[in-house]
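I set out to record how two helices pack in this model, and then the overall make-up of the chain. The entries follow in the order of my look-ups.

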Amino acid sequence: MRSYVRAEIERFLRAVDLALKRPATVVVIGGGAAALKYRIDDPTTDIDNFNALGADLRRAIDAARKATGLAMPFEQSGVADGPYDFEDRLLRAMPRLARLTVLVPERHDLALMKAVRGDQADFAKLHAIHERKPFDLSVLLRRYEEEMGHVVIDPRRLRGNFLALVESLFPEAVPLVEKALDRPDQRSQLDAFLASQASLKKRPRSPRRPGPE
(Lines give C-alpha, C1' and ligand atoms only; values in the text may rest on other atoms or scores of the structure.)
Protein backbone atom coordinates (compact mmCIF):
# COMPACT_ATOMS: atom_id res chain seq x y z
CA MET A 1 0.00 0.00 0.00
CA ARG A 2 1.24 3.48 -0.90
CA SER A 3 2.53 5.60 1.97
CA TYR A 4 2.49 9.39 2.17
CA VAL A 5 4.87 11.79 3.90
CA ARG A 6 3.94 15.02 5.65
CA ALA A 7 4.59 17.26 2.63
CA GLU A 8 2.21 15.17 0.51
CA ILE A 9 -0.50 15.21 3.18
CA GLU A 10 -0.24 19.00 3.44
CA ARG A 11 -0.33 19.41 -0.35
CA PHE A 12 -3.38 17.18 -0.54
CA LEU A 13 -5.24 19.10 2.19
CA ARG A 14 -4.44 22.42 0.51
CA ALA A 15 -6.04 21.03 -2.66
CA VAL A 16 -9.10 19.93 -0.64
CA ASP A 17 -9.32 23.44 0.78
CA LEU A 18 -9.25 24.99 -2.69
CA ALA A 19 -11.96 22.63 -3.94
CA LEU A 20 -14.42 23.23 -1.08
CA LYS A 21 -17.48 25.33 -1.84
CA ARG A 22 -18.35 25.90 1.82
CA PRO A 23 -16.49 25.60 5.16
CA ALA A 24 -15.82 22.10 6.47
CA THR A 25 -14.07 20.66 9.51
CA VAL A 26 -12.09 17.44 9.82
CA VAL A 27 -10.70 15.83 12.96
CA VAL A 28 -7.57 14.05 11.78
CA ILE A 29 -6.35 11.25 14.02
CA GLY A 30 -3.63 8.63 13.79
CA GLY A 31 -0.52 9.07 11.68
CA GLY A 32 -1.96 12.10 9.90
CA ALA A 33 -2.23 13.97 13.20
CA ALA A 34 1.31 12.97 14.17
CA ALA A 35 2.56 14.37 10.88
CA LEU A 36 0.50 17.57 10.62
CA LYS A 37 0.70 18.90 14.17
CA TYR A 38 3.60 17.10 15.79
CA ARG A 39 5.92 17.12 12.74
CA ILE A 40 6.66 13.40 12.74
CA ASP A 41 8.01 12.39 9.34
CA ASP A 42 7.09 8.69 9.46
CA PRO A 43 4.95 7.95 6.38
CA THR A 44 1.30 7.06 6.79
CA THR A 45 -0.98 5.14 4.45
CA ASP A 46 -4.11 7.30 4.85
CA ILE A 47 -5.82 10.21 6.53
CA ASP A 48 -8.16 8.96 9.24
CA ASN A 49 -10.97 11.30 10.22
CA PHE A 50 -12.81 10.89 13.51
CA ASN A 51 -16.12 12.19 12.19
CA ALA A 52 -18.23 11.36 9.14
CA LEU A 53 -17.46 13.21 5.90
CA GLY A 54 -20.18 15.36 4.33
CA ALA A 55 -21.07 15.33 0.63
CA ASP A 56 -19.31 18.64 -0.18
CA LEU A 57 -16.17 17.48 1.58
CA ARG A 58 -16.22 14.17 -0.31
CA ARG A 59 -16.49 16.04 -3.62
CA ALA A 60 -13.54 18.23 -2.61
CA ILE A 61 -11.50 15.14 -1.68
CA ASP A 62 -12.19 13.60 -5.10
CA ALA A 63 -11.18 16.87 -6.78
CA ALA A 64 -7.99 17.00 -4.70
CA ARG A 65 -7.06 13.47 -5.82
CA LYS A 66 -7.36 14.54 -9.45
CA ALA A 67 -5.55 17.84 -8.93
CA THR A 68 -2.59 16.38 -7.02
CA GLY A 69 -2.38 12.89 -8.51
CA LEU A 70 -2.38 11.54 -4.95
CA ALA A 71 -4.89 8.72 -4.51
CA MET A 72 -4.83 9.29 -0.77
CA PRO A 73 -7.40 7.34 1.28
CA PHE A 74 -9.38 9.83 3.39
CA GLU A 75 -12.26 8.30 5.33
CA GLN A 76 -13.90 8.16 8.74
CA SER A 77 -11.95 5.72 10.87
CA GLY A 78 -13.81 2.47 11.41
CA VAL A 79 -12.30 1.94 14.86
CA ALA A 80 -11.44 5.04 16.86
CA ASP A 81 -11.99 5.97 20.48
CA GLY A 82 -10.27 8.14 23.02
CA PRO A 83 -10.62 10.09 26.26
CA TYR A 84 -14.15 11.23 27.01
CA ASP A 85 -13.40 14.96 26.77
CA PHE A 86 -10.79 14.85 23.99
CA GLU A 87 -12.97 16.93 21.62
CA ASP A 88 -12.79 19.82 24.10
CA ARG A 89 -8.99 19.83 23.74
CA LEU A 90 -8.64 19.63 19.94
CA LEU A 91 -5.88 21.71 18.38
CA ARG A 92 -5.78 23.32 14.95
CA ALA A 93 -3.28 22.33 12.28
CA MET A 94 -2.63 24.16 8.99
CA PRO A 95 -4.37 27.34 10.23
CA ARG A 96 -3.86 29.23 6.94
CA LEU A 97 -6.39 27.13 5.06
CA ALA A 98 -9.40 29.20 4.03
CA ARG A 99 -12.38 26.82 4.14
CA LEU A 100 -11.01 23.60 5.62
CA THR A 101 -10.51 23.54 9.39
CA VAL A 102 -8.10 20.74 10.31
CA LEU A 103 -8.24 19.70 13.97
CA VAL A 104 -6.11 17.09 15.71
CA PRO A 105 -6.16 15.58 19.22
CA GLU A 106 -3.96 17.08 21.91
CA ARG A 107 -0.89 14.84 22.12
CA HIS A 108 -1.81 13.06 25.38
CA ASP A 109 -5.26 12.32 23.93
CA LEU A 110 -3.62 11.06 20.73
CA ALA A 111 -1.42 8.75 22.79
CA LEU A 112 -4.42 7.26 24.60
CA MET A 113 -6.24 6.81 21.28
CA LYS A 114 -3.23 4.83 20.10
CA ALA A 115 -3.30 2.81 23.31
CA VAL A 116 -6.79 1.59 22.45
CA ARG A 117 -5.33 -0.20 19.42
CA GLY A 118 -2.00 -1.05 21.04
CA ASP A 119 0.02 -1.19 17.82
CA GLN A 120 3.81 -1.06 18.17
CA ALA A 121 4.20 1.06 15.02
CA ASP A 122 1.87 3.62 16.62
CA PHE A 123 3.95 3.56 19.80
CA ALA A 124 7.06 4.27 17.71
CA LYS A 125 5.39 7.46 16.40
CA LEU A 126 4.47 8.44 19.96
CA HIS A 127 8.04 7.87 21.07
CA ALA A 128 9.18 10.25 18.32
CA ILE A 129 6.73 12.87 19.61
CA HIS A 130 8.03 12.21 23.14
CA GLU A 131 11.60 12.88 22.03
CA ARG A 132 10.59 16.25 20.59
CA LYS A 133 8.56 17.25 23.64
CA PRO A 134 8.16 14.78 26.52
CA PHE A 135 4.72 13.59 27.49
CA ASP A 136 3.53 14.19 31.05
CA LEU A 137 2.96 10.81 32.70
CA SER A 138 0.63 12.32 35.31
CA VAL A 139 -1.64 13.64 32.52
CA LEU A 140 -1.65 10.29 30.73
CA LEU A 141 -2.46 8.44 33.95
CA ARG A 142 -5.20 10.85 35.04
CA ARG A 143 -6.97 10.74 31.68
CA TYR A 144 -6.63 6.96 31.50
CA GLU A 145 -8.23 6.58 34.93
CA GLU A 146 -10.90 9.26 34.55
CA GLU A 147 -11.81 9.40 30.86
CA MET A 148 -11.35 5.94 29.31
CA GLY A 149 -14.08 3.97 31.10
CA HIS A 150 -16.47 4.31 28.15
CA VAL A 151 -14.10 2.79 25.57
CA VAL A 152 -15.53 -0.32 23.92
CA ILE A 153 -12.69 -2.76 24.60
CA ASP A 154 -11.98 -5.46 27.17
CA PRO A 155 -10.74 -3.50 30.22
CA ARG A 156 -7.93 -6.01 30.72
CA ARG A 157 -6.74 -5.47 27.18
CA LEU A 158 -6.95 -1.69 27.53
CA ARG A 159 -4.95 -1.89 30.76
CA GLY A 160 -2.29 -4.00 29.06
CA ASN A 161 -2.13 -1.60 26.13
CA PHE A 162 -1.82 1.37 28.48
CA LEU A 163 1.05 -0.28 30.34
CA ALA A 164 2.71 -0.99 26.98
CA LEU A 165 2.34 2.71 26.16
CA VAL A 166 3.93 3.67 29.49
CA GLU A 167 6.75 1.20 28.86
CA SER A 168 7.48 2.77 25.47
CA LEU A 169 7.67 6.29 26.95
CA PHE A 170 8.59 5.87 30.64
CA PRO A 171 10.08 2.36 31.03
CA GLU A 172 11.36 3.10 34.55
CA ALA A 173 7.83 3.91 35.73
CA VAL A 174 6.04 0.74 34.60
CA PRO A 175 6.27 -1.15 37.95
CA LEU A 176 5.06 1.92 39.84
CA VAL A 177 2.13 2.52 37.47
CA GLU A 178 1.16 -1.15 37.53
CA LYS A 179 1.20 -1.20 41.33
CA ALA A 180 -0.84 2.01 41.50
CA LEU A 181 -3.47 0.58 39.13
CA ASP A 182 -3.71 -2.59 41.20
CA ARG A 183 -3.79 -0.79 44.55
CA PRO A 184 -5.02 2.81 44.13
CA ASP A 185 -4.72 3.27 47.90
CA GLN A 186 -0.99 2.57 47.75
CA ARG A 187 0.47 4.92 45.17
CA SER A 188 2.90 6.94 47.29
CA GLN A 189 5.91 5.69 45.30
CA LEU A 190 4.30 6.67 42.01
CA ASP A 191 3.33 10.07 43.39
CA ALA A 192 6.93 10.61 44.48
CA PHE A 193 8.16 9.65 41.01
CA LEU A 194 5.69 12.03 39.34
CA ALA A 195 6.74 14.82 41.69
CA SER A 196 10.38 14.25 40.79
CA GLN A 197 9.50 14.40 37.08
CA ALA A 198 7.64 17.68 37.61
CA SER A 199 10.59 19.20 39.46
CA LEU A 200 12.92 18.23 36.63
CA LYS A 201 10.70 20.08 34.16
CA LYS A 202 10.77 23.23 36.29
CA ARG A 203 14.53 23.16 36.80
CA PRO A 204 16.18 25.85 34.65
CA ARG A 205 18.70 24.67 32.12
CA SER A 206 22.33 25.46 32.81
CA PRO A 207 23.70 28.09 30.43
CA ARG A 208 25.94 26.69 27.74
CA ARG A 209 29.59 27.42 28.18
CA PRO A 210 31.16 29.22 25.26
CA GLY A 211 33.46 27.02 23.23
CA PRO A 212 37.00 27.91 22.25
CA GLU A 213 37.24 30.59 19.63
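Entry 1, the helix contact. I worked from a predicted model. I listed the residues that meet between helix 4 and helix 6: His-108, Asp-109, Ala-111 and Leu-112 on helix 4, and Val-139, Leu-140, Arg-143 and Tyr-144 on helix 6. I then sorted the residues of this contact by class and obtained five nonpolar, one polar and two charged.

Entry 2, the geometry. Two packed helices are described by the angle and the distance between their axes, and I looked up both. Helix 4 covers residues 107-117 and helix 6 covers residues 137-147. I found that their axes come within 10 Å and cross at roughly 55 degrees. Angles of 65 to 115 degrees would count as roughly perpendicular and those under 35 degrees as roughly parallel; I therefore entered helix 4 and helix 6 as oblique to each other. For the handedness, I noted that helix 4 passes helix 6 in a right-handed crossing.

Entry 3, the secondary structure. I counted nine helices and five strands in the protein. Reading from the N terminus, I wrote the order of elements as α-β-α-β-α-β-β-β-α-α-α-α-α-α.

Entry 4, the whole protein. I noted that the C-alpha trace spans about 60 × 55 × 30 Å along its principal axes. Of the 213 residues, 45% count as buried. The exposed area came to about 12,000 Å², with 50% of it supplied by carbon and sulfur atoms. Among contacts with a separation of 6 or more, I recorded that 74% join residues 24 or more positions apart.

Terms used:
Residues are numbered from 1 along each chain as its sequence is written. This is a predicted model: local features need pLDDT of at least 70, side-chain atom pairs count only at pLDDT 80 or more; totals for chains, interfaces and linings use all residues. Side-chain values use heavy atoms; hydrogens and water are left out. Axes are lines fitted to C-alpha atoms, for helices over the stretch in contact, and angles run from 0 to 180 degrees between N-to-C directions. Helices (H or I, at least four residues) and strands (E, at least two) are DSSP runs, numbered from the N terminus. Angles under 35 degrees count as roughly parallel, over 145 as roughly antiparallel, 65 to 115 as roughly perpendicular and the rest as oblique. A crossing is left-handed if the near helix is turned anticlockwise from the far one by less than a right angle, and right-handed if clockwise. Contact means heavy atoms within 4.5 Å. Ala, Val, Leu, Ile, Met, Phe, Trp, Tyr, Cys and Pro count as nonpolar, Asp, Glu, Lys and Arg as charged, and the others, Gly among them, as polar. Buried means under 20% relative accessible area, exposed over 50%, partly exposed in between (1.4 Å probe, protein chains only). Accessible areas come from the Shrake-Rupley method with a 1.4 Å probe; for residues, only the protein chains shown count as cover.
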